Each structure stands twice: as structure tokens, then as C-alpha cells.
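Q: I would like to learn how to read salt bridges, helices and an interface in a model. Where do we begin?

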Amino acid sequence: MIYIKTLEINSQTYDLNKNYEEGFLKGSAWENLYSFFKYEPKEIKFNNDLDKLVYIYQIYSFISLELTLFICTHPDNKEAITTLDNLNKNLEIIKTKLQENNISISHCSTDSLDYFNLKTPWSGK
Amino acid sequence: MFEYKKVLEYPVNITKPNVRFASQMITAIGGPGGELAAAIRYFIQAPSMPDLIGQNTLVEIATEELGHVEILCAMYKQLTKDASVEDFISSDAINIYTDHGKGIYPTDASGNPFTVTYLASTGDPITDLTEDMAAEEKARSGYENLMRQTNDPEVLAPLSFLRQREIVHYQRFAEVLKHYQSKKKTNYLVFFFLKHDSVLFNNLI
């Protein structure tokens, strides 16, 4: 006998992990969407402050993306929009700090030569 | 419009070469459940979505999937860059080396080249979104199959991240589908619930 069911979709609630780094390492900023499989992400250590700053940029970029995707399907969620706006302001500050240290991750920076001299990200440590 | 940023979405630092694993992992780039298929699929479907809910979601996820291709390319490079020809021979991957050296060539795990037949684009948002959800689950289970093949934490970390992203994307597509379903006010015949502590499937028969 074939049981036929209609599709039931639970709309995700806004449950942002306040620990941005933890959400980043897990691959989900949403506590209610995280699903463990085999590996528990570990804190990443750095030898210098600049590498740490790039890492912080990655974390904030990721949370910004998660909020963007959430807002795509929840365009009226004011809390998400406010959080995203504040996060993006912090991202700009981090980007400026990186540029001050000759790390321009985009050709749209005000010091584009630093971008061309920056090594590509697949080279590893 | 695209702007490239010289930073990966997730850090990749693999210090131990592993040609055998790389020869399997390539499917996450060029296989039927791979990131390249995902990126192209969502980009070409996006213009057919009837409103900004679908259009925004698809282009944003498509962009992220391209970033995942980049992560996997970084992993492949680091898994093979210090490998010798003998490593390719002993890993049963010498045919890859013969045709592609240490270059990255998108195939599945059996060596079949990437093909656009992996993806569909019908112009019907319900059909396309259902396909997208299936694609995310194919990718999730594909990453789990890869994670079972290694215990190297330097490899497991980015794979775990990529796997988790598939679950989030699945939820996003499901919500867009729900949005269009409620607009159409039609019930559809599907045989599974959407719940993600793990995916639960109803029996078909």
C-alpha cells in the first residue's frame, strides 16, 4: 500500500548562535539546523595577528551570508535585518584594518596593488 | 555581477598528501551531487522564479556553491601538490595523472567527466525547487560517504563544513517551495517529511 502525504515544511525560527565562531566552525549559524556527523569542529589556532584577522573576516562574512540567506526567505524579519546591517558595518571595519596591513582581499580596495600581490587562498599555510 | 575575494569561505590547510582520497573527493566538484552542478543549476533556474523570494535565494546559494568549488579545489591541490608519480601509481590513480597531471579535472569518483545532464531546469518553480532539494541531499550524503573514508582532521574539518551547508541550503529551498505552494494553493504528492536532526523518510510502500 502506498501512503501519500502532502509535503509539510516547518519554517525555520530565528535562532542565531550568538557565538559566531562556533557557528562558523560548525557550518551553521543556526542552532536549530545543526546536525552532527562524525567530526566535532575544533578551534583553529594562529601564529600571528594578521592571520587571525583574516579568520575573523571569514567568520563575519559567513554569518553575514547566513543572515542574507535567512532574509531571502524571511524578508520581514526585522531582527535579522538589523543584525545583518550591524554585522556588515563590522565587516567594513575589519576590511579597512586588513587594508591598513597591506592585505587587500578585493580588487575594489583603495590599494589594489596589495590585492595583486596577495597570495591566492588555496596555497595553505 | 561577481567580485572575487582572495579568501576562502572556510580555511583549508592540509599538510599530508593523499592522492587516493583526492581521486574520490573530485566527485564533490564534478559529480552528479557536486558543487559545480549545484552552482550552475541554481544560476540558470533563478530567472524562472516568479518573485524575489526565489530569485534572491537561488542566486545567493549559487554564489556560495561557487565558493565551495573553490574550497574543494584548494583541498585537491593541497592533497596532491607534494605527491609523486609513484603515489599516483600506488593509489590506482595513474590514469588521472596521465590525462591531467596534478590538474583539477571535474569528474565523478569513477572518472566520468562532468556533464550538464546532471541538472534540470524546467522553468516550473515547484519542479525546480524539488530538484534543488534532492540535489542538496545528494551532496550531503556524498560528503558523508567521503568523511567515512578519512580520519584526517585537516580534511574532515572543511568536509564537515561543506556537509552542514547542504543541510542549511535544503531548508532554504524548502521554505521557498512552501512559499510558492501556498501561493498556488495546491497539494503535492511527496513521500518524506522535512526534519533535520537527521532526514526522516516515510516509507513509500
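A: With a count over the whole model, which is predicted. By the rule used here, salt bridges come to 14 over all chains.

Q: Which parts of chain B does the salt bridge between Asp152(B) and Lys16(B) tie together?
A: Look at the distance, then at the places in sequence. The closest approach is 3.9 Å, N to O. Asp152(B) sits in the loop between H7 and H8 of chain B, and Lys16(B) in the segment before helix H1 (19-25) of chain B, so the pair ties together parts 136 residues apart in sequence.

Q: Are these two residues buried or exposed?
A: Asp152(B) is buried, at a relative accessible area of 12%. Lys16(B) is partly exposed, at 45%.

Q: What does the pair Asp92(B) and Arg20(B) join?
A: Their side chains form a salt bridge at 3.8 Å, N to O. Asp92(B) is in the loop between helix H5 (85-90) and helix H6 (94-100) of chain B, while Arg20(B) is in helix H1 of chain B, so the link spans 72 residues in sequence. Asp92(B) is exposed at 62% relative accessibility. Arg20(B) is partly exposed at 42%.

Q: How should I read a salt bridge within one helix?
A: Start from helix geometry. An α-helix has 3.6 residues a turn, so residues three or four places apart point the same way. Now the case here. Arg172(B) and Glu175(B) lie 3 residues apart in helix H8 of chain B, about one turn. Their closest N and O atoms are 3.6 Å apart, in a salt bridge. Both Arg172(B) and Glu175(B) are buried. Elsewhere, shared partners join Glu137(B), Arg140(B), Glu144(B), Arg148(B) and Arg163(B) into one salt-bridge network.

Q: How much area is buried between chain B and chain A?
A: Interface size is often given as the accessible area lost when the parts come together. Here that area is about 5000 Å², with 61% from carbon and sulfur atoms. Lys6(B), Gln164(B) and Arg172(B) supply 14% of what chain B buries against chain A, more than any other three residues. The contact takes 59 residues from chain B and 53 from chain A.

Q: How many salt bridges and polar contacts lie between chain B and chain A?
A: There is 1 salt bridge between the two chains. Arg165(B) pairs with Glu66(A), their closest N and O atoms 3.0 Å apart. Polar contacts link 19 residue pairs, both partners at pLDDT 80 or more. H8(B) gives the most to the side of chain B that touches chain A, with 19 residues. By class, that side has 28 nonpolar, 14 polar and 17 charged residues.

Notes:
Residues numbered from 1 in each chain as written. Chains lettered and ligands numbered in written order. Predicted model: local features only at pLDDT ≥ 70, side-chain atom pairs only at ≥ 80, totals over all residues. Heavy atoms only, no water. Contact = heavy atoms within 4.5 Å. Buried area = accessible area lost by both parts, 1.4 Å probe. Salt bridge = Lys/Arg side-chain N within 4 Å of Asp/Glu carboxyl O. Polar contact = N/O pair within 3.5 Å; in protein donor to acceptor, adjacent residues only side chain to side chain. Helix = DSSP H or I, 4+ residues; strand = E, 2+ residues; numbered from the N terminus. Nonpolar A, V, L, I, M, F, W, Y, C, P; charged D, E, K, R; others polar. Buried < 20%, exposed > 50% of the residue type's maximum accessible area, 1.4 Å probe, protein only.
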